[in-house]
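Subject: Structure for you to look at, with notes

Dear colleague,

I am handing over the structure below, and my notes on it follow. Please read them with the structure open beside you.

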Amino acid sequence: MTTTPNTLPDGFDPVTLEVIRMRLDSIVEEMGIAMIRSSGSPVITEAGDFNTALFDPTGRIYAYSDYVQFHIGSGSVAVQNLVKAIEGEPLAPGDAFICNDPHTAGASHPPDTNVISPIFHGDELIGWAQSQAHLVDVGGMTPGGFAPGAHDCYAEALRLPPGVKIFERGEPVEWVRRILLNNVRVPALFWNDVRSLVASNNTGIRRLLGTIDEFGLEQFRDYTRLSFQLAEQVVRDRISRIPDGTYTAEEWTEHNGHVDELYRVACTMTKRDDQITFDFTGSSEQTDGFVNCSYGALVGSVATAIVPILAWDVPFNEGVMTAFDIVAEPGSIVNPRPPAPISNGHLTTGARVSRVVTKLMNEACRGSGDDTVRDRTQGVWGDSWTGGISAGTTDGGEYFVLFNMDGGGMGAGAQPDRDGLDCAGMMTQVNNMLPDVEMNEMLYPVLYLWKQLNIDSAGHGAHRGGLGLRFAWTLHGAQEVTQTVFAPNAQVVADGFGGGLPGGGSGHEVWRRTDVARLLTEGRVPTRDTLSAEERQLLEINQQSVAIHAGDVLVQWIAGGGGYGDPLLRDPQLVAADVRDGYVTAETARRTYGVVVADGTADEAATRRARAALRQERLGGDTPTQQVPPTSPARSSAPRRDADGWYVPASGARLGTGEDWRAEARRLTHVAADRLAEHGVRVRPRTEGRRVLIDEFYSPSCGTLLEARVRVEAAPS
C-alpha cells in the first residue's frame, strides 16, 4: 500500500518532497549516533534507551528517530511545555534546557531526561532539537531512579521542570551543573550523559541548518507542511476502513510498590469516519505508589500501539497523530497530579495502555473488509518491563549503579502469518537491543551463569507468541549490593488473539547461599539444574532494598507474547521442530497442540486422533458436528462476519447473527495461573483479593478455540 497519493498539489516536486523527508530522518538518526558515541552509559550505548527528534517552533514534530517510541509523547509534551514556560524570555544559539519532571515537563519518568535546544536561522527561531535518554541515576531515595517505596514524587528524584537552562550560548550554566551533580550518586557519568545529549542536539542543529541553506527556508517550510498533510491523509484513509463503532477494553496494573492490589486501565475507543478518540475515563484513581503514568507517557503509550498498527510504513511526523484524540481525567492513574509518585508509571501503567489499545484495535480491525487492515491484528505483546537495579561498592572501593537492560527481553505477540519475535522488547522499543554479557561483566561486578530463552513464557497458538528471556548472575568483585526489582507482568499476562493463548509472566528469585563458588572452582558450569541453594526466595512483584551477598544468585525471568490462532491449527511439523529445538516440551506438544512427536517428527495418524480427542474434550465430551480440515490456515479461528452473521473460517460453523458472537460460543472459565500451568506456562498466582481468570470461547459445532482472554473478576471471592 502506497503511503503517498499519486498526485501532489501544483508546484510541488515529489523528488524534492522525498529528499527533504529522508534528510530529516537521516538527521535524527545521526543525532542518535552522536549520542551513542559520546555517552559512557551502557543504557544508551548498548540498549538504545533514548530518542532524538526535531520540532517546529510551536512543538510539532518534524522527524523522530526509531529508538524508544513512547518518548514521542514525553518529548512532544516537554517541548510544548518548554515553549509555554519561557515565553517572552531571551533565547540565543547555544542555549539548552534540561527537564525530567513527569508532572510539569511530561517526562515518562524522572530518569528519562530531556535536553532541548533552540534552532536559529539568522535571528529567527525556526525549531527545536530534542534529545532524551535514560540517565543511570537522578537522585531520590533509591539508586537508579525507580522507587517502589516512594509515597510521593518528592522522594523519587531531583525534579527539573521546563525552563531550567543548562547551557547558555554554548557554555554550561555552572550553578545549575553544581546543583545537579550534588544530588546524584554517579556525578561523572551523569554529566557526561548530559553533554552527550547536548552534542546530539548540536549535531541536529548543524545538519538542519545545512539542509535549509540548501533548499531555502520557505521551500523547507512548504515541503514539511506537505509531509504533515500526507502522513495524516494516509493514516486517516486506513482509519476509514475500520467499521465505525464504540469499542471497550481494560487492562490491569499490578502492585503499586506497597500493596499487591490491581489498578484498572480502562479505555473506550470511538471510531467515526476517519477519526478515533481514546477515552480513559473509568481508569483507577491515582495511587500513592510509583505506577502512576504521566500524561506525556500516556500519549507516547497510545502512539506505541497506533504507529505499528496503522502507520507502520508512514514516515513519522506530527501528521501521524492528528487523527487521534486522547481523553484522560486528571487525578487518574493515567493522568496523575502531584504528589503522585511516578517513577515506574511508563513501564507499568503506560505499557498496559499500549496493551489495551492493541486489544481495542484488534477488535476493530477484525471487522474490516480490507485484508491489509484486518491483518494488523496480533497477539498482545508481553509489555511491562521486568527490571533490576543493583547498587553497591566494588572490592576496589568504586561505587556503581547497574540498571540491567536485559529487562528488555520480553516476547512479542504472534502475527497472522508468523510467530512472535523472541526477546523482542516492548512495542515501544523499535530498535530494542540487549546488552552483551561481556559488556555488563566488564563494567560491573557481576558474573552471568546463564542467559537463555524462557520456555515457560510462550503464548501458544497456531502462531506462537515470542519467548521472553531468563538469566542469572552472581556477584564477582563485590561483597554485597542493594537490589531493586519490578516484575509488573507477573499475574495479568498478555492476551493472545483469535484463539491464541496468553503468554507467561515475569518474576525474580534470590537463591541464597549457593554452591556457585565450589562449582566454578571445580571447573563445572552452574546451571538451573546443578546449582544448589539453601533457600530460594521469591521476591515481591515490586521491591526495593533487597540485599544480595557474595554467593547468592539473582534469577530473573521475563514475560512472553500472546499467541495467534487456535493451537490445534498449528502445522504439526512446526510443533515437532519446536520440540527438537527446545521451544516446547513433548508433553506440551501433545496436551496443547495435539501433536504426537516420535523420533523428532510428528506422527500424523496419532496427531489426528489426539486433536480429535482434544476437540471433544473442549465440548464436554460431545463429538463435534462439523470438522476442521487439517489444511485450515492459522488465522482461520478468529470469527468473521458476513451477510448471514458470524462464522468460523476454519470450519464454516455459524455463530449466530447478534452483535457479539460470544453469546453463541461455549464458554469455560478457569483461574488463569492454574489453567496456563496445564500448558507449561508460568504465571504468578494471586493469593488474596480479586482473582485473575481466563475465559475460553469455543465453537459449539467444531470445537475450535475462538478466543482466550484474561480478565479480573469483579469482586473479591
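How many disulfides does the structure hold? The structure holds zero disulfides, where a disulfide is a pair of cysteine sulfur atoms within 2.5 Å. Before the details, please note that this is a predicted model, in which local features need pLDDT of at least 70 and side-chain atom pairs count only at pLDDT 80 or more, while totals for chains, interfaces and linings use all residues. Residues are numbered from 1 along each chain as its sequence is written, and side-chain values use heavy atoms, with hydrogens and water left out.

To stay with the cysteines, the cysteine sulfur closest to that of C153 belongs to C293 and lies 15 Å away, which is too far for a bond. For C365 the closest cysteine sulfur is that of C267, at 14 Å, again too far for a bond. C153 has a relative accessibility of 3% and counts as buried, and C365, at 0%, is buried as well; here buried means under 20% relative accessible area and exposed over 50%, with partly exposed in between (1.4 Å probe, protein chains only).

On the overall architecture, the protein has 16 helices and 27 strands, taken as DSSP runs (H or I of at least four residues for helices, E of at least two for strands) and numbered from the N terminus. Its radius of gyration is 26 Å, close to the 27 Å that the globule rule gives for 717 residues, so the protein is as compact as a globular protein of that length; the radius is taken over C-alpha atoms, and the rule is 2.2 Å times the number of residues to the power 0.38. The C-alpha trace spans about 80 × 75 × 45 Å along the principal axes, and buried residues make up 60% of the 717 residues. Of the contacts with a separation of 6 or more, 72% are between residues 24 or more positions apart, contact meaning heavy atoms within 4.5 Å.

Next, the sheet. Seven strands form an open sheet in the order β2-β1-β5-β4-β3-β6-β7, with antiparallel pairing, two strands being paired if DSSP finds at least two bridges between them. At the edges stand β2 and β7 (171-172), each with a single partner strand, so one side of each is left without a neighbour in the sheet. At one of these edges, β1 (residues 50-55) and β2 (residues 61-64) run antiparallel and are joined by three bridges, with I61 in β2 as the bridge partner of F55. The two strands form a hairpin with five residues between them, and G59 in the turn has a positive phi of about 100 degrees. At the β7 edge, two bridges join β6 to β7, which run antiparallel, and E168 stands opposite E171 in β7.

Helix α5 (residues 174-182) has V176, L180 and L181 buried. These residues cover an arc of only 125 degrees around the axis, which puts them on the same side of α5; the arc is that of the directions from the helix axis to the C-beta atoms. On the other side of α5, W175, R178 and N182 are exposed. The buried residues of this helix pack against β3 (96-99), β6 (164-168) and α6 (187-215).

As for the interior, the largest nonpolar core has 101 residues, and those with the most contacts inside it are F278, F280, L298, V302, F324, V357 and M361. By a nonpolar core I mean a set of buried Ala, Val, Leu, Ile, Met, Phe, Trp, Tyr and Cys residues joined through side-chain atoms within 4.5 Å. Helix α8 (residues 295-310) gives the most to this core, with 10 residues. A second, separate core of 25 residues includes V115, V173, L181 and V194.

Finally, two individual positions. T588 lies in helix α14 (residues 586-593) and, at 9% relative accessibility, counts as buried. Its C-alpha atom is separated by 6.4 Å from that of G680, 92 residues apart along the chain, and, leaving aside neighbours within four places in sequence, T588 is in contact with H460, Y593, H679 and G680. S701 sits in the loop between β26 (692-698) and β27 (705-712) and is buried, with a relative accessible area of 16%. Not counting residues up to four places away in sequence, S701 touches P624, T625, Q626 and A653.

With best wishes
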